[in-house]
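User: I am new to this structure. Please take a close look at one spot on its surface, and then walk me through the other local details worth seeing.

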Amino acid sequence: MPVGTQATVKGLSQRDLWEDLKAPIILANTYHLFLRPGHELIRDLGGLHKFMSWPGAILTDSGGFQVFSLSDLRRISEEGVTFQSHLDGDTHIFTPASTVDVQLALGSDIMMVLDECPPWPVSHEAARASMERTVRWAERAFSHYRPKIAESPTRHALFPIVQGSMFPDLRKECTERLLELDADGYAIGGLSVGEPRPFSMEMVEASEPLLPKDRPRYAMGVGMPDELPEYVARGIDMMDCVLPSRNARNGWLFTSEGKVVIKHAKHRADPGPLDPACSCYTCRNYSRAYLRHLFQAGEILFSSLATRHNLRRYLDIMGEIRQSILLGQFPEYLKTVRDKHAGTAEPA
Ligand SMILES: [Zn+2]
């Protein structure tokens, strides 16, 4: 899922995303939209789909992750999390019920429960207390959500989030307790918080065997291109990541042959496309030399062309994965990706 933090995937129009890239779903951030322009304004203007003119599906997070990563002076209590806006310092509170209400006002298709995302590293004791609060918050979110959704004419889904820091026993226990909610899908959160990569995979492995096979599983905030098949191999169906779009703006491009740092001098006079194997608008029409020139000149067009390519690359990888699964060839596909990555990986 491309990330559209402020109800926009930076640098692209909704037409680029929908008609050109054919992205079926994007992610928007509840925390940001709650603070600006406000969920009530968006609701009054017909909901987020209409507000941003997006015909596809929208997944929203609960805002918890941003509260823990962006805002100052947050205070966690059983009721919820009180925080100061990073924009103007105003105090707000997110509770399990209020974050469901905000996401319903946005008209999100897939909503997330409020969870506590502990920093890494954290003690087992603190991680347990945090995980248990996350479970209680999920229960409260669902008790609030179920009667509301029963009256709703539109269909939505609410996913609880497995937490437990980097402790497999806590991850397992959290998963087991969340299963009682019989949710539409399950998310695995608390990854990409600075932990070494193997830990993220291990935490997915701890939860995966317990999660129902007929519901989507969503690994939040991952990953690098070569990691996407690794998560799928561990039973993950959905992922979101700012990497393809954020790195694109910084001139870091993902290609079928590995990463390209466009500012490098070797691209200065290169008439070839960024990625000969890519069919995106950028690769079909522009040379590396032109892209490098735009980047060096700080031109807006660079962000747009680069984002378009990087998202195409991510969506292509997911397309290749789906195709290989349908053909019964996913193990071979995974092996090819691993061999290729082993050949191109840089020393740590
Ligand atoms: Zn391309």
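## From a surface patch inward

Analyst: Leucine 41 is partly exposed, because its relative accessible area is 41%, which falls between the 20% limit for buried and the 50% limit for exposed. Keep in mind that this is a predicted model. Leucine 41 sits in helix H3, which covers residues 39-44. Leu41 also belongs to a nonpolar patch on the surface. Its partners there are Leu45 and Phe51. Together the three residues offer about 260 Å² of accessible area.

Stay on exposed ground for a moment. Serine 53 lies in the loop between helix H4 (48-51) and strand S2 (57-60). Serine 53 counts as exposed because its relative accessibility is 52%. Its backbone deserves a look too. Serine 53 is not a glycine, yet its phi is positive, at about 55 degrees. Most residues other than glycine have a negative phi.

Alanine 7 has a similar feature to check. Its phi is positive as well, about 60 degrees, and alanine 7 is not a glycine either. Alanine 7 lies in the segment before helix H1 (14-20). Is alanine 7 buried or exposed? Alanine 7 counts as buried, because its relative accessibility is 9% and the limit for buried is under 20%.

Now go to a buried loop residue. Serine 108 is in the loop between helix H6 (96-106) and strand S6 (110-112). At 1% relative accessibility, it is therefore buried. What does the side chain of serine 108 reach? It reaches the backbone oxygen of isoleucine 58, at 3.5 Å. Beyond its neighbours within four places in sequence, serine 108 touches Ile58, Leu59, Thr60, Gln103 and His156.

Histidine 267 is a second buried loop residue. It lies between strand S13 (258-261) and helix H12 (281-285). It counts as buried because its relative accessibility is 3%. Its contacts, leaving aside neighbours within four places in sequence, are Val260, Val261, Ile262, Arg288, Ala289 and Arg292. Tyrosine 290 can be located from here as well. Histidine 267 and tyrosine 290 are 23 residues apart along the chain, and their C-alpha atoms are 9.0 Å apart.

S13 leads on to the strands. S13 pairs with strand S12 (residues 252-255) in the antiparallel sense, through four bridges. A hairpin of two residues links S12 to S13. Within this pair, phenylalanine 254 has lysine 259 of S13 as its bridge partner.

A second hairpin can be found at S4 and S5. Strand S4 (residues 81-84) and strand S5 (residues 91-94) run antiparallel and share four bridges. Glutamine 84 has its bridge partner in S5, threonine 91. Six residues lie between these two strands, and glycine 89 in this hairpin takes a positive phi near 80 degrees.

Parallel pairing appears in another sheet. Four strands form an open sheet in the order S8-S9-S10-S11, with parallel pairing. Strand S8 (161-162) and strand S11 (238-239) are the edges, each pairing on one side only. S8 and strand S9 (residues 186-188) run parallel and are joined by two bridges. Valine 162 stands opposite isoleucine 188 in S9. Strands of a sheet pair through backbone hydrogen bonds, either parallel or antiparallel.

Which residues of helix H9 (residues 197-207) are buried? They are Ser200, Met201, Met203, Val204, Ala206 and Ser207. What do the buried residues of H9 pack against? They pack against S8, S9, helix H8 (168-179) and helix H10 (228-233). S8 and S9 are the strands from the parallel sheet above.

Finish with two peptide bonds. Most peptide bonds are trans. The bond between tryptophan 120 and proline 121 is cis, with omega about 0 degrees. Proline 121 is in the loop between S6 and helix H7 (124-150). The bond between valine 222 and glycine 223 is also cis, with omega about 5 degrees. Glycine 223 is in the loop between strand S10 (217-219) and H10.

Key: Residues are numbered from 1 along each chain as its sequence is written. This is a predicted model: local features need pLDDT of at least 70, side-chain atom pairs count only at pLDDT 80 or more; totals for chains, interfaces and linings use all residues. Side-chain values use heavy atoms; hydrogens and water are left out. Patches are made of residues with over 30% relative accessible area and no salt bridge: like charges are joined within 9 Å, nonpolar side chains (Val, Leu, Ile, Met, Phe, Trp, Tyr) within 5 Å. Accessible areas come from the Shrake-Rupley method with a 1.4 Å probe; for residues, only the protein chains shown count as cover. A salt bridge is a side-chain nitrogen of Lys or Arg within 4 Å of a carboxyl oxygen of Asp or Glu. Buried means under 20% relative accessible area, exposed over 50%, partly exposed in between (1.4 Å probe, protein chains only). A polar contact is a pair of N or O atoms within 3.5 Å; within protein, one must be able to donate a hydrogen and the other to accept it, and residues adjacent in sequence count only if both atoms are side-chain atoms. Contact means heavy atoms within 4.5 Å. Two strands pair if DSSP finds at least two bridges between them.
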